[in-house]
Amino acid sequence: MYSHYLTIAGRIVRQVGRDRRTLGLIIVVPVVVMTLIGLSFPDRSMLNYIAPALLATIALFFSFLLTGISFLRERSQGTLERLMATPVSRLDVALGYLFGLSVFAVLQTLIIFFFTIYVLDVTYQGELWQILVFQFIIIVGSVNLGIFTSTFARNEFQVIQFIPLIILPQVFLGGVLWPVEQMPGYLQGVSSVLPLTYAVEGLRDVMLAGKSLADVWLDLAVLAGFTVVASVLAAITIRRSAG
């Protein structure tokens, strides 16, 4: 099984890697976006406060968009259907796409992360590896979510239309722009089931308060649960897409 899903992941990595335009956008776009964000915050203390929320949100956004469009291309070109006709299992296919697409999602997120820390010079209290643990869990969940939702799209434009439906509500209700506690009670209830809420809260505790992963175990547990659910939905999506 290991060789099967690693072979699938390797094919995806080589395919995307040969597309120089896509690879260039994966690298350049995050730098441009973070540069504009950094320049738009003349108050350094405000940038330091908003940085954890930005890291969580941008990781979710770029991973979802990259995965949704890439997986849609696999479906539209018939690659997924041909792959499912081979002796490999659905688990191999699901893991192969997860690992293959996650490579570029991780690459993009690492560029954003280190650019924010070392170029924008954002200060933080926690340890870098603990911050990256949050980022990694967000990426895995977002990649699986992108695979799942892309089955309902027939072209790239329709994939983009999922952003207002899935990403923006989390930005407005997840504590990115204003504290969840200041929202009406019914919106706080909605916020409590959104993964970005826990990503923002956990990253702020680690980066601003210097807490450890053990201190924010609940946020990690919720994000891990979301990742598991998204993985199951992604596996179901793969089966439906190839059916």
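Here are a few friendly notes on one helix, one of its residues and two pockets in this predicted model.

1. Let's start with helix H6, which covers residues 128-150 and so gives you 23 residues to follow by eye. From its first C-alpha to its last, H6 reaches 32 Å. That is close to the 33 Å expected at 1.5 Å a residue.

2. How much of H6 is buried? The count is 17 of its 23 residues, so the helix is largely enclosed by the rest of the structure. If you are tracing side chains along H6, it may help to recall that an α-helix has 3.6 residues a turn, so residues three or four places apart point the same way.

3. A residue to pick out in H6 is glutamine 135. Is glutamine 135 buried or exposed? Its relative accessibility is 2%, and because the cut-off for buried is under 20%, glutamine 135 counts as buried.

4. What does the side chain of glutamine 135 reach? It comes to 3.4 Å from the backbone oxygen of leucine 55. Leucine 55 also appears among the contacts of glutamine 135 once neighbours within four places in sequence are left aside, together with Ala56, Ala59, Thr109 and Leu203.

5. Now for the largest pocket, whose volume is about 410 Å³. Its lining is made up of 18 residues. To find the centre on your screen, look for Thr22, Ile26, Leu66, Ile69 and Ser70, the lining residues that lie nearest to it.

6. Which helices build that lining? At least two residues each come from H1 (2-18), H2 (20-39), H3 (44-76) and H5 (90-119). H3 has the largest share, with seven residues. By class, the lining of the largest pocket holds 10 nonpolar residues, along with four polar and four charged ones.

7. The second largest pocket has about 260 Å³ of space. It is lined by 14 residues, and Gly175, Val180, Glu181, Thr197 and Glu201 are the closest to its centre.

8. For the second largest pocket, helices H8 (185-191) and H9 (195-209) each supply at least two lining residues. Of these, H9 gives the most to the lining, with five residues. The classes here are six polar, five nonpolar and three charged residues.

How values were computed
Residues numbered from 1 in each chain as written. Predicted model: local features only at pLDDT ≥ 70, side-chain atom pairs only at ≥ 80, totals over all residues. Heavy atoms only, no water. Helix = DSSP H or I, 4+ residues; strand = E, 2+ residues; numbered from the N terminus. Expected span 1.5 Å × (residues − 1). Buried < 20%, exposed > 50% of the residue type's maximum accessible area, 1.4 Å probe, protein only. Polar contact = N/O pair within 3.5 Å; in protein donor to acceptor, adjacent residues only side chain to side chain. Contact = heavy atoms within 4.5 Å. 1 Å grid on protein atoms, 1.4 Å probe; cavity = no way out; pocket = protein on both sides within 12 Å on 5 of 7 lines; lining within 4 Å. Points joined across faces, edges and corners; volume = space filled by probe spheres on them. Nonpolar A, V, L, I, M, F, W, Y, C, P; charged D, E, K, R; others polar.
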